[in-house]
Amino acid sequence: MTHTRGFPAMIRAAAAIALFAITPIFAFAEGVITRTELSRADVPGSDTHEVIVARLEIEPGATVPRHTHHGDEHLVVIIGGTMQTGDGKQIPFPDGMAAHFPQGEPHGGLTNAGDTVMVAITTHVVEKGKPLNVLVE
């Protein structure tokens, strides 16, 4: 087995990057929403936009606040459940459901009303250097 000089340093750097890529984005007493970045790449032919793919986990009782993005978001539900609006309306999010939120369109304001973690894969095509989420009142 051949060892490459600096290999342990590369492992430490990769671990540090992985730690920061797994980020609780919203935490509430009832639950946590965790966004794990899976990949990030420049949009071909663009100096201003990038594509970010992430795994989103919404624990029971966690609320996704109303927000927008500096670009489009596409979402595919992997493990579904039921979300609830602030006024109590139940909205099903079945396995395999896909959704598109155009740039600047407020969305969210929903709480995981079930007793299991909901999971989705999100793909954002957004402006580089701007915050991914912008909270909306």
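Which residues does T122 touch, not counting residues up to four places away in sequence? View 2 has the list. The model is predicted: local features need pLDDT of at least 70, side-chain atom pairs count only at pLDDT 80 or more, and totals for chains, interfaces and linings use all residues. Residues are numbered from 1 along each chain as its sequence is written, and side-chain values use heavy atoms, with hydrogens and water left out.

**View 1. The whole protein holds one helix and 12 strands.** Helices (H or I, at least four residues) and strands (E, at least two) are DSSP runs, numbered from the N terminus. Going along the sequence, the helix comes up front and the strands follow, in the pattern α-β-β-β-β-β-β-β-β-β-β-β-β. Of the 137 residues, 31% count as buried, where buried means under 20% relative accessible area, exposed over 50% and partly exposed in between (1.4 Å probe, protein chains only). About 8,300 Å² of the protein is exposed, and carbon and sulfur atoms supply 62% of that. Those areas come from the Shrake-Rupley method with a 1.4 Å probe; for residues, only the protein chains shown count as cover. As for contacts (heavy atoms within 4.5 Å), take those with a separation of 6 or more: residues 24 or more positions apart account for 69% of them.

**View 2. T122 sits in strand β11.** With a relative accessible area of 3%, T122 is buried. So here's the list from the opening question: T122 touches I52, V53, A54, L56, E73, H74 and L75, once residues up to four places away in sequence are set aside.

**View 3. H124 is also in strand β11, which covers residues 118–127.** H124 counts as buried because its relative accessibility is 3%. Leave aside the neighbours within four places in sequence, and H124 is in contact with E50, V51, I52, H69, D72, E73 and L132.

**View 4. Strand β11 pairs with β3 and with β6.** Two strands pair if DSSP finds at least two bridges between them. Strand β3 (residues 49–58) runs antiparallel to β11, with 10 bridges. Strand β6 (residues 71–79) is antiparallel to β11 too, over eight bridges. Look for I121 in β11: R55 stands opposite I121, and so does V76. V53 stands opposite T123 in β11.

**View 5. Strands β2 and β3 make a hairpin.** β2 (residues 32–42) pairs with β3 in the antiparallel sense over nine bridges. One pair to pick out is D42 and its bridge partner in β3, E50. Six residues lie between the two strands, and G45 in the turn has a positive phi of about 80 degrees.

**View 6. Four strands form an open sheet, in the order β4-β10-β7-β8.** The pairing in this sheet is antiparallel. At the edges are β4 (63–64) and β8 (90–93), each pairing on one side only. Strand β7 (residues 81–84) is joined to β8 by four bridges, and the two run antiparallel. Within that pair, M83 has I91 in β8 as its bridge partner.
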